[in-house]
Amino acid sequence: MTVWEKGVMDLDECLESLYAGKLLSEPVIEMLAFKAKELMIRDGNIVHLSSPVTMVGDIHGQFYDLLEIFKIGGYPPDTNYLFLGDYVDRGYHSIETISLLIVLKLKYPNRITLIRGNHESRQITTNYGFYTECVTKYGGDSKVWSIFTDLFDFLVLSAIVDNQLFCVHGGLSPNVQTIDSIQVIDRFKEIPHDGPMADLMWSDPDIELLNFRISSRGAGYQFGINVVNKFLKVNGVEKIFRAHQLCNDGFQVFWKGKVNTVWSAPNYCYRCGNKASILEVYDDSGDPDSLRFNVFDASPDSEKEFLRIESDNMDLELDIDEGRQMNKKAPYVEYFM
Ligand SMILES: [Mn+2]
């Protein structure tokens with residue numbers, strides 16, 4: 001009997017496979033995505049959460065480092081997680097990463113929140129690894145990529161913790177003065193090139209700036225302190241938490257904590273040598289010790305996996321040198337823009 005005929009998914013079975021690093025079959029992924037859309041279509045663009053909650057920044061397919069995060073921060077459902085986006089591209093295991101997060105969302109809907117990052121997009125994943133990984137791991141077929149990228153259209157745009165902490169993947173937008181104006185965006189579509197939805201996922205803070213400036217990334221804006229002060233005041237929130245930018249120390253604090261970056265991909269792309277962090281929010285007191293960046297290094301398994309795949313690729317290059325038939329395990333990761 002197929003998963004569709006049975007009509008029910010054994011989520012525990014899926015979790016067991018994924019925690020063991022195994023891929024799910026295409027029909028199972030299709031069913032999971034269908035169920036996840038049913039669940040996420042009911043969410044508003046802004047999800048309201050309460051502490052305690054742990055925020056996770058960019059993961060970018062570094063699956064073994066995601067497992068390390070659960071070891072350090074606690075496994076769901078014992079810890080509530082707010083993921084800030086950029087689950088796929090760059091690393092070797094985007095499919096394992098997004099599959100695990102979707103199964104956890106289905107199993108513990110109130111304990112896992114998934115915000116959309118700028119890489120959760122058809123256009124970006126076509127160029128930065130996820131498309132190629134899907135085609136390579138699923139027998140030359142792009143259907144799994146289509147299933148996941150259709151699902152990305154349902155991810156929420158932002159979250160607010162304890163009515164105090166505004167959380168988004170990238171940052172602020174000149175087209176988003178109030179949090180209410182996020183609520184009315186039609187989010188169920190590919191990320192546009194510009195406009196409020198694009199800016200929320202692409203923008204970055206810049207300590208040199210007072211106001212907005214067009215971003216050198218080619219989408220979104222860089223924003224300064226006046227913009228931040230106005231946004232916090234108008235919306236009655238205390239701080240902004242976001243991801244989207246590599247930090248050597250795993251996190252970065254701007255303007256005495258008014259804006260904070262959480263970066264959760266240690267040794268980014270298996271070669272940057274950076275630390276990573278998760279942000280643990282313990283309570284809503286607003287005291288300095290009510291939240292903490294929990295800093296960590298790359299998992300030894302991540303390094304092992306990198307060396308294994310690189311040595312396979314090395315064998316492939318040798319094969320090509322000797323004029324032999326091309327190995328099926330073609331390298332599929334492009335590191336930087
Ligand atoms: Mn990003």
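Two strands count as paired when DSSP finds at least two bridges between them. With that in hand, welcome to a tour of this predicted model, one view at a time.

**View 1. Strand β13 and its two neighbours.** Strand β13 covers residues 276-281, and strand β14 covers residues 291-296. The two run antiparallel and are joined by 6 bridges. To find one of the pairs, look for E280, whose bridge partner in β14 is R292. Strand β2 (residues 53-56) is also antiparallel to β13, with 4 bridges between them. Here V53 is a good landmark, as its bridge partner in β13 is V281. How much of β13 is buried? Of its 6 residues, 5 are buried, so the strand is mostly covered.

**View 2. The whole chain.** Step back for a moment to meet the chain as a whole, with its 12 helices and 14 strands. Its C-alpha atoms fill a box of roughly 65 × 50 × 35 Å along the principal axes. A compact globule of 337 residues would have a radius of gyration near 20 Å, and the chain agrees because its own value is 20 Å. Buried residues make up 43% of the 337. Among contacts with a separation of 6 or more, 69% are between residues 24 or more positions apart.

**View 3. An open sheet of 6 strands.** Follow the strands across the sheet in the order β1-β5-β6-β10-β12-β11. The sheet is open and its pairing is mixed. Which strands form the edges? They are β1 (46-49) and β11 (251-254), each of which pairs on one side only. From one strand to the next, the twist averages 20 degrees. As a reminder for newcomers, strands of a sheet pair through backbone hydrogen bonds, either parallel or antiparallel.

**View 4. From β5 to β6.** Strand β5 takes in residues 158-161 and strand β6 residues 165-167. The two run antiparallel, with 3 bridges joining them. One spot to look for is A159, which stands opposite C167 in β6.

**View 5. Strand β10 and the strands beside it.** Strand β10 spans residues 239-242. On one side it pairs with β6 in the parallel sense, over 3 bridges, and L165 has K239 of β10 as its bridge partner. Strand β12 (residues 259-262) also pairs with β10 in the parallel sense, again over 3 bridges. In that pairing, R242 stands opposite T261 in β12. In a regular strand the side chains alternate between the two faces of the sheet. Are the faces of β10 covered or open? Both are covered: K239 and F241 are buried on one side, and I240 and R242 are buried on the other.

**View 6. Helix α4 and the glycine that follows.** Helix α4 runs over residues 63-73 and is mostly covered, with 8 of its 11 residues buried. The buried residues are F63, Y64, D65, L66, L67, E68, I69 and G73. Just after α4 comes G74, which takes a positive phi of about 105 degrees.

**View 7. An annotated stretch.** An unreviewed UniProt entry places the annotation "domain: Serine/threonine specific protein phosphatases" on residues 115-120. What is the backbone like over residues 115-120? This stretch is 0% helix and 0% strand, and its end C-alpha atoms are 10 Å apart.

Definitions and conventions: Residues numbered from 1 in each chain as written. Predicted model: local features only at pLDDT ≥ 70, side-chain atom pairs only at ≥ 80, totals over all residues. Axes fitted to C-alpha atoms, helices over the stretch in contact; angles between N-to-C directions. Buried ≥ 20, exposed ≤ 12 C-beta atoms within 10 Å, placed from the backbone. Rg over C-alpha atoms; globule rule 2.2 N^0.38 Å. Contact = placed C-beta atoms within 7 Å. UniProt positions renumbered as here; feature names shortened; annotations may be inferred.
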